[in-house]
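Reader: I'm in my first year and I'd like to see how the terms people use for structures get decided. Could we go through one together?

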4 protein chains.
Amino acid sequence: MIEINENSTTPIYQQIYDNLLKLMVLDVLSEGDKLPSVRELALLLKINPNTIQKAYKQLEQDGYVASAVGKGNFVKDHQTIIKKYQQSIEMILENGFIALLHIGESKGSILKRCESILEGLDD
Amino acid sequence: MIEINENSTTPIYQQIYDNLLKLMVLDVLSEGDKLPSVRELALLLKINPNTIQKAYKQLEQDGYVASAVGKGNFVKDHQTIIKKYQQSIEMILENGFIALLHIGESKGSILKRCESILEGLDD
Amino acid sequence: MIEINENSTTPIYQQIYDNLLKLMVLDVLSEGDKLPSVRELALLLKINPNTIQKAYKQLEQDGYVASAVGKGNFVKDHQTIIKKYQQSIEMILENGFIALLHIGESKGSILKRCESILEGLDD
Amino acid sequence: MIEINENSTTPIYQQIYDNLLKLMVLDVLSEGDKLPSVRELALLLKINPNTIQKAYKQLEQDGYVASAVGKGNFVKDHQTIIKKYQQSIEMILENGFIALLHIGESKGSILKRCESILEGLDD
DNA sequence: GTGGTCTAGACCACC
DNA sequence: GTGGTCTAGACCACT
């Protein structure tokens with residue numbers, strides 16, 4: 001379920017974060033589900049537990065999971081997860097748009113650019 | 001003109017790179033203009049010359065400026081600068097769109113989202 | 001394995017770059033192999049770590065190795081390394097040929113010259 | 001006759017050297033001809049006399065011109081100029097061939113590569 | 001321990 | 001004075 005690319009430049013803890021977040025967003029890991037324990041996942045992925053721990057801590061700080069000492073990490077409610085995720089992406093898009101507006105591109109032209117990018121992507 | 005955030009996680013040389021690139025894209029630094037000398041900018045920003053040097057070297061490697069020993073660093077042709085910049089933003093937008101497609105959003109819905117984001121922005 | 005000429009005009013970091021690239025091209029350093037760590041090589045060659053770092057960074061930017069923080073630098077796929085290397089040599093030959101054409105030598109005469117040079121070399 | 005590219009990365013004194021050498025090789029500057037004086041050329045090209053001086057000194061060291069104090073710099077006999085020039089290029093080609101042999105390419109294959117490169121060039 | 005960034009200060013090649 | 005290289009030594013992020 002979780003794939004780590006050893007040779008990627010993105011840190012491993014980040015890859016774990018991304019993978020888990022994606023599973024939550026796709027509702028594979030649903031509201032209230034328990035994430036695998038740090039040790040468990042460390043063994044499974046053959047990765048240092050510290051690295052897993054860092055990813056979990058980040059997910060907690062960003063409000064995607066709730067950590068209960070001695071029990072484990074649990075997925076928060078799906079609504080808020082989706083919302084936060086969409087907001088983070090909207091922020092990215094907004095910054096891109098602002099950059100294009102700054103160099104004098106019109107809103108209409110930007111929308112057309114978006115359309116053409118979307119056309120090139122798979123559904 | 002150039003603002004450095006000492007506490008940011010993005011490296012200082014990267015911030016300088018971004019700032020200068022933005023000035024070139026906005027045509028504040030125009031084709032053929034001479035960038036401030038390494039030492040000059042180092043004094044101005046109270047930053048080590050090596051750090052400035054690193055930013056300048058990166059700009060040269062990425063094809064935005066031409067560096068000439070004994071003379072200085074000069075802004076390259078505006079067309080290619082704009083093109084490269086647009087490409088980098090398109091890449092960002094594309095990644096955002098891919099993320100939204102992954103969570104099941106339709107292309108139509110994504111476009112509408114773009115429209116609504118754009119409406120909230122100044123021209 | 002790696003020899004540095006302190007008195008050469010070519011920068012030390014460049015010499016390291018060339019040496020390592022040659023080892024990769026010759027498949028002494030093979031696909032996936034870990035390069036010596038920055039500090040290790042610095043000690044071995046009695047050279048400042050920053051200088052080694054610069055060579056490694058360049059190799060990464062040119063697509064010959066993949067760098068991973070906390071793990072090391074790893075040789076990329078051998079095919080692309082060979083291809084890039086051949087291209088760089090072709091460029092050199094091309095410039096030589098152009099120079100000879102400029103002074104009025106015919107293509108046929110140039111080819112013969114190449115043959116005679118090759119005859120003088122070991123297989 | 002002499003063209004300087006201000007934005008090139010190759011040093012100006014080197015460009016002057018190359019230009020003058022080319023003129024001598026092409027016999028535009030013939031045996032015994034006097035090169036323009038340092039001052040003259042400096043004014044013509046709007047370049048610092050020191051830079052010109054450096055190019056001239058290099059040409060003398062490499063045996064292409066003879067400098068006579070108080071009189072000027074004079075082109076040596078055409079035969080030796082051509083020979084030295086060809087030798088310098090042969091050296092370049094030889095190094096390229098050696099590199100290709102090192103990575104296991106056969107002499108035959110190298111010759112074919114030369115042919116194909118030559119085909120792509122103008123006479 | 002690994003790579004990445006930064007500082008302080010020096011020297012060189014070029015103009 | 002300008003960019004380019006190098007050293008010495010420090011600190012940070014990641015594994």
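Reader: Which elements cover the buried residues of helix 4 of chain B?

Author: The cover includes helix 4 (78-102) and helix 5 (107-119) of chain A, together with helix 1 and helix 5 (107-119) of chain B. Before we go on: this is a predicted model, where local features need pLDDT of at least 70 and side-chain atom pairs count only at pLDDT 80 or more, while totals for chains, interfaces and linings use all residues. Residues are numbered from 1 along each chain as its sequence is written, and chains are lettered from A and ligands numbered from 1 in the order in which they are written.

Reader: What makes a residue of helix 4 of chain B "buried", and which ones are?

Author: Buried means that 20 or more other C-beta atoms lie within 10 Å of the residue's own; 12 or fewer makes it exposed, in between is partly exposed, and the C-beta atoms are placed from the backbone. In helix 4 of chain B, that label goes to Ile81(B), Ile89(B), Leu93(B), Gly96(B), Phe97(B) and Leu100(B).

Reader: Why is Leu43(C) called partly exposed?

Author: Leu43(C), found in helix 2 of chain C, has 13 C-beta neighbours inside 10 Å, so it counts as partly exposed. Its C-alpha atom is separated by 34 Å from that of Ile92(C), 49 residues apart along the chain.

Reader: What is called a helix here, and how does the span of helix 4 of chain B fit what is expected?

Author: Helices (H or I, at least four residues) and strands (E, at least two) are DSSP runs, numbered from the N terminus. The expected span is 1.5 Å times one less than the number of residues. Helix 4 of chain B has 25 residues and reaches 36 Å from first C-alpha to last, close to the expected 36 Å. Just after this helix, Gly104(B) takes a positive phi of about 90°.

Reader: And how many residues does helix 1 of chain B have, and what do its buried ones pack against?

Author: It has 14 residues and reaches 20 Å, close to the 20 Å expected. Its buried residues, among them Tyr17(B) and Leu20(B), pack against helix 3, strand 2 (72-75) and helix 4 (78-102) of chain B. Just past the end of helix 1 of chain B, Asp27(B) has a positive phi of about 65°.

Reader: How do you know that strand 1 and strand 2 of chain B pair?

Author: Two strands pair if DSSP finds at least two bridges between them. Strand 1 (residues 65-68) and strand 2 of chain B have four, in the antiparallel sense, so they meet that rule. Val65(B) has Val75(B) as its bridge partner. In their hairpin, with three residues between the strands, Gly70(B) takes a positive phi near 85°.

Reader: What makes a residue "near" DNA strand E, and how many surround it?

Author: Near means that its C-beta atom, placed from the backbone, lies within 6 Å of the molecule or strand. For DNA strand E, 29 residues surround it, with Ile12(B), Gly70(B), Ser37(C), Gly70(C) and Ile12(D) the closest. Helix 3 of chain C gives the most to that surface, four residues.

Reader: How do the residues near DNA strand E divide by type?

Author: They come out as 11 nonpolar, 14 polar and four charged. Here Ala, Val, Leu, Ile, Met, Phe, Trp, Tyr, Cys and Pro count as nonpolar, Asp, Glu, Lys and Arg as charged, and the others, Gly among them, as polar. For DNA strand F, 29 residues surround the strand, and helix 3 of chain B gives the largest share of that surface, four residues.

Reader: Why is the relation of chain D to chain C called a two-fold axis?

Author: A rotation of 175° with 0.4 Å of shift along its axis superposes chain D on chain C, with an RMSD of 1.0 Å. That is the relation of a two-fold axis. The fit is by least squares on the C-alpha atoms of residues with pLDDT of at least 70 in both. Leu93(D) comes closest to the axis of the residues of chain D, at 3.1 Å (C-alpha).

Reader: What counts as a contact, and how many residues does each of these chains give?

Author: Two residues are in contact if their C-beta atoms, placed from the backbone, lie within 7 Å. The contact takes 25 residues from chain D and 24 from chain C. Helix 4 of chain D gives the most to its side, 13 residues. By contrast, no contact joins chain B and chain C, whose closest C-alpha atoms lie 10 Å apart.
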